[in-house]
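This report concerns a single protein chain and the arrangement of its secondary structure, core and charged side chains. The sequence and structure are shown first.

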Amino acid sequence: MNRRQALTLIAAAAAMPVLSARGAPLRQTWEGRAMGSPARITLSGVTSEHSFAIFQKIEKEIERLENLFSLHRDSALTRLNRDGRLAWPEPEMLEVIEIATSVHAATRGAFDPTIQPLWQALALGRDPAMARALVGWENLSVNEREIRLARPGMALSFNGIAQGYLADRISALLRAEGLRDVLVDMGEIAARGQRPEGGPWRAALADPLGTIKGETDLSDRCLAVSSPRGTLIGPEGAQSHILGPQGQPPRWSLVAITAPSAALADALSTGACLLARDAIDAALCQFPDVQLAHIS
């Protein structure tokens, strides 16, 4: 089980009617992949004909956003990492960096997307000493004309925020289509409205072994879950995929945060894994309507 599998959608797994001649609620579901992880979208009160056109728009939007944030294709992010600069960045790239900057400050540097060189060194079993010197959010220069990495060899990873941002963008797309009751799972969750049979969407929080640690209801709210031991890296598979900016190990095995924005919840849940309990409370207090749903 990886980090993205630490959340189980109870509502989506329940037996619910897709169509009823007597007027029972409609449910349409799309499944695919986004940013390398399984993704699922559930729409309530939509016919199959209507949902087909909507799902096509969703696939195009996922493709567009992966062309910005993926580390596994020729994306805006990989070009920035390769060249050390990116001219005329897209508004979505600037928005993600703005959110990351606010979470970086709130977590006192624990959340730092410049971790990529260190993450890669540890994943490949290399000496991390040189990579540590390349980590530092303060060495990122950003404006509407250009994003620039101050040091040769610096690189960014948005793996701790991009899935949440995709959920936010797909949720906004569906809202623009006039849909009220939707569940967007891009690895992190954006839930709007209610389930087809009524009531809030519900998610179970599971540890890497699949043990349910808690449940939470979601309606017009987003959820992100971080499980540091859910994905292990390094030649012996002993290193958590969530690292502090100097390679510090996580303090917690499971952190779940709810917020108005999935990108914000995603970044905060990642950073919170590295913080003491009082520092988590201090970080979350800096954002309106953000709550710690579970920690263990």
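The sections below describe a predicted model, beginning with its strands.

## The hairpin of β2 and β3

Strands β2 (residues 27-34) and β3 (residues 37-44) run antiparallel and are joined by 8 bridges. The hairpin has 2 residues between the strands, and Met35 takes a positive phi near 55° there.

Within this pairing, Glu31 has Arg40 in β3 as its bridge partner. These two residues also form a salt bridge, in which the closest N and O atoms are 3.9 Å apart. Glu31 is exposed, because its relative accessible area of 58% lies over the 50% limit. Arg40 has 23% relative accessibility and therefore counts as partly exposed.

## The hairpin of β9 and β10

A further antiparallel pair consists of β9 (residues 201-206) and β10 (residues 212-218), with 6 bridges between them. Ala206 is matched with Ile212 of β10 as its bridge partner. Here 5 residues lie between the strands, and Gly210 in the hairpin adopts a positive phi near 90°.

## The three-stranded sheet

An open sheet of 3 strands follows the order β4-β6-β5, with antiparallel pairing. β4 (85-87) and β5 (140-142) stand at the edges with a single partner strand each, so one side of each has no neighbour in the sheet. From one strand to the next, the twist averages 5°.

The antiparallel pairing of β4 with β6 (residues 146-149) extends over 3 bridges, and Arg85 has Arg148 in β6 as its bridge partner. Helix α3 packs on the sheet and touches β4 and β6, its direction making about 130° with that of β4.

## Salt bridges

The structure holds 15 salt bridges. One of them links Glu146 and Arg148, with the closest N and O atoms 2.9 Å apart. Glu146 is buried, with a relative accessible area of 18%, whereas Arg148 is partly exposed at 38%. Elsewhere, salt bridges with shared partners connect Glu61, Arg64 and Glu92 into one network.

The side chains of Arg64 and Glu61 meet at 2.9 Å, N to O. Both residues belong to helix α2 and are 3 residues apart, about one turn of the helix. Residues three or four places apart in an α-helix point the same way, because there are 3.6 residues a turn. Glu61 is buried at 12% relative accessibility, while Arg64 is partly exposed at 31%.

## Nonpolar cores

The largest nonpolar core comprises 69 residues, of which Ile41, Phe69, Phe158, Leu174 and Met186 touch the most other members. Apart from this core lies another of 11 residues, including Leu183, Ile189, Leu218 and Leu223. Among the residues that Ile41 touches beyond four places in sequence are Trp30, Phe55, Ile58, Ile170, Leu174 and Met186.

## Helix α5 and the loop before α3

In helix α5 (residues 116-123), the residues Gln116, Pro117, Leu118, Ala121 and Leu122 are buried. The elements covering them include α6 (129-132), β12 (232-233) and β13 (239-240). Gly125, just after α5, takes a positive phi of about 75°.

Ser75 lies in the loop between α2 (48-69) and α3 (76-83). Ser75 counts as buried because its relative accessibility is 0%. Beyond four places in sequence, the contacts of Ser75 are with Glu66, Asn67, Leu68, Phe69 and Ser70.

Methods:
Residues are numbered from 1 along each chain as its sequence is written. This is a predicted model: local features need pLDDT of at least 70, side-chain atom pairs count only at pLDDT 80 or more; totals for chains, interfaces and linings use all residues. Side-chain values use heavy atoms; hydrogens and water are left out. Helices (H or I, at least four residues) and strands (E, at least two) are DSSP runs, numbered from the N terminus. Buried means under 20% relative accessible area, exposed over 50%, partly exposed in between (1.4 Å probe, protein chains only). Contact means heavy atoms within 4.5 Å. Two strands pair if DSSP finds at least two bridges between them. A nonpolar core is a set of buried Ala, Val, Leu, Ile, Met, Phe, Trp, Tyr and Cys residues joined through side-chain atoms within 4.5 Å. Axes are lines fitted to C-alpha atoms, for helices over the stretch in contact, and angles run from 0 to 180 degrees between N-to-C directions. A salt bridge is a side-chain nitrogen of Lys or Arg within 4 Å of a carboxyl oxygen of Asp or Glu.
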